[in-house]
Amino acid sequence: MITAKAAADSAVPSVPGTAVATGVPEREEPAWPWKDAPIRALVQRIHQLQAERAQAFRRLEEWSVQVTPTCRRGHLQYLRSGPPYDFPRYRSTVHEVTQAFAAASREVLAVEAELAGPRGQPLLASHVRSLQQLEQTRLATVALLQLMGAPELSGQENALEMHPLKMKVIKTMEAISEVLQDLRFDAESAE
């Protein structure tokens, strides 16, 4: 169920003058604090957003089954809570994590647009775009691993299918680290 607050928070800023026609008040686009920031600051912000994503992944992985050896705890707690399972708490965590990922993605895309457009830095923008694509791959793979770890689906056949996905997560994380290094190095060269 989408609440009025959630709908307002996710609303796309309107085109000026549409408020009268639609009866919906216009939502002013907030000033982006990075508009005139140096490239170095934009790259630092990307790194901060990556740290926020990592924190969100840790929260998500608390509910997953053996995506990595250190992230079994939360999902096992969920499994031990049932049946009946503590689904409302799990759903709430997934919702919070989803909002964190969406907020980070919106800002990453804004940085990419700033680098590609006004800053004239297509190489840096392509690094940011690659980073975003890798994060999407990582999130989709972790979600699939979570589904495959559900008690209804667990079995030997699933365990064999999960190993390549775990390796994909690891390889994706390595690729993310490489892109971040390339971004930092190329940003230093751009200034």
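## Arg129 and its partner in helix 5

In this predicted model, Arg129 has a relative accessibility of 36% and therefore counts as partly exposed, since the buried class ends at 20% and the exposed class begins over 50%. The side chain of Arg129 meets that of Glu112 in a salt bridge, with 2.7 Å from N to O. Because Arg129 belongs to helix 6 (residues 122–148) and Glu112 to helix 5 (residues 87–116), this pair ties together parts that are 17 residues apart in sequence. Glu112, for its part, is buried, with a relative accessible area of 13%.

## Other salt bridges

Side chains of opposite charge can pair when their charged atoms come close. Across the whole structure, a search finds seven salt bridges, including the one between Arg129 and Glu112. Another links Arg119 to Glu114, whose closest N and O atoms are 3.0 Å apart; Glu114 is buried, at a relative accessible area of 6%.

Within helix 6, Glu135 and Arg138 lie three residues apart, about one turn of the helix, and they form a salt bridge in which the closest N and O atoms are 3.8 Å apart. Glu135 is buried, with a relative accessible area of 5%, and Arg138 is buried as well, with a relative accessible area of 9%. Elsewhere, Arg45, Glu52 and Glu107 are joined into one network by salt bridges that share partners.

## The aromatic pair and Arg138

A search of the whole structure finds one aromatic pair, formed by Phe57 and Phe101 in an edge-to-face arrangement, with 4.8 Å from centre to centre and 65° between the planes. Phe57 lies in helix 3 (residues 39–61) and Phe101 in helix 5, so the pair ties together parts that are 44 residues apart in sequence. Both Phe57 and Phe101 are buried.

Arg138, the salt-bridge partner of Glu135, also lies over the face of Phe57, at 3.7 Å from the ring centre. The ring of Phe57 thus takes part in the edge-to-face pair with Phe101 and has Arg138 over its face.

## Thr172 in helix 7

Thr172 is part of helix 7, which spans residues 156–190. With a relative accessible area of 7%, Thr172 is buried, because that value falls under the 20% cut-off. When residues up to four places away in sequence are left out, Thr172 touches Leu134, Thr137 and Arg138. Arg138 is therefore a residue with several roles in this description: it is buried, at 9%, it pairs with Glu135, it lies over the ring of Phe57, and it is in contact with Thr172.

Terms used. Residues are numbered from 1 along each chain as its sequence is written. This is a predicted model: local features need pLDDT of at least 70, side-chain atom pairs count only at pLDDT 80 or more; totals for chains, interfaces and linings use all residues. Side-chain values use heavy atoms; hydrogens and water are left out. Helices (H or I, at least four residues) and strands (E, at least two) are DSSP runs, numbered from the N terminus. Buried means under 20% relative accessible area, exposed over 50%, partly exposed in between (1.4 Å probe, protein chains only). Contact means heavy atoms within 4.5 Å. A salt bridge is a side-chain nitrogen of Lys or Arg within 4 Å of a carboxyl oxygen of Asp or Glu. Rings of Phe, Tyr and Trp (its six-membered ring) pair if their centres lie within 6.5 Å; planes under 30 degrees apart count as stacked, over 60 as edge-to-face and the rest as tilted. A charge sits over a ring if NZ of Lys or CZ of Arg is within 6 Å of the ring centre and within 35 degrees of the ring normal.
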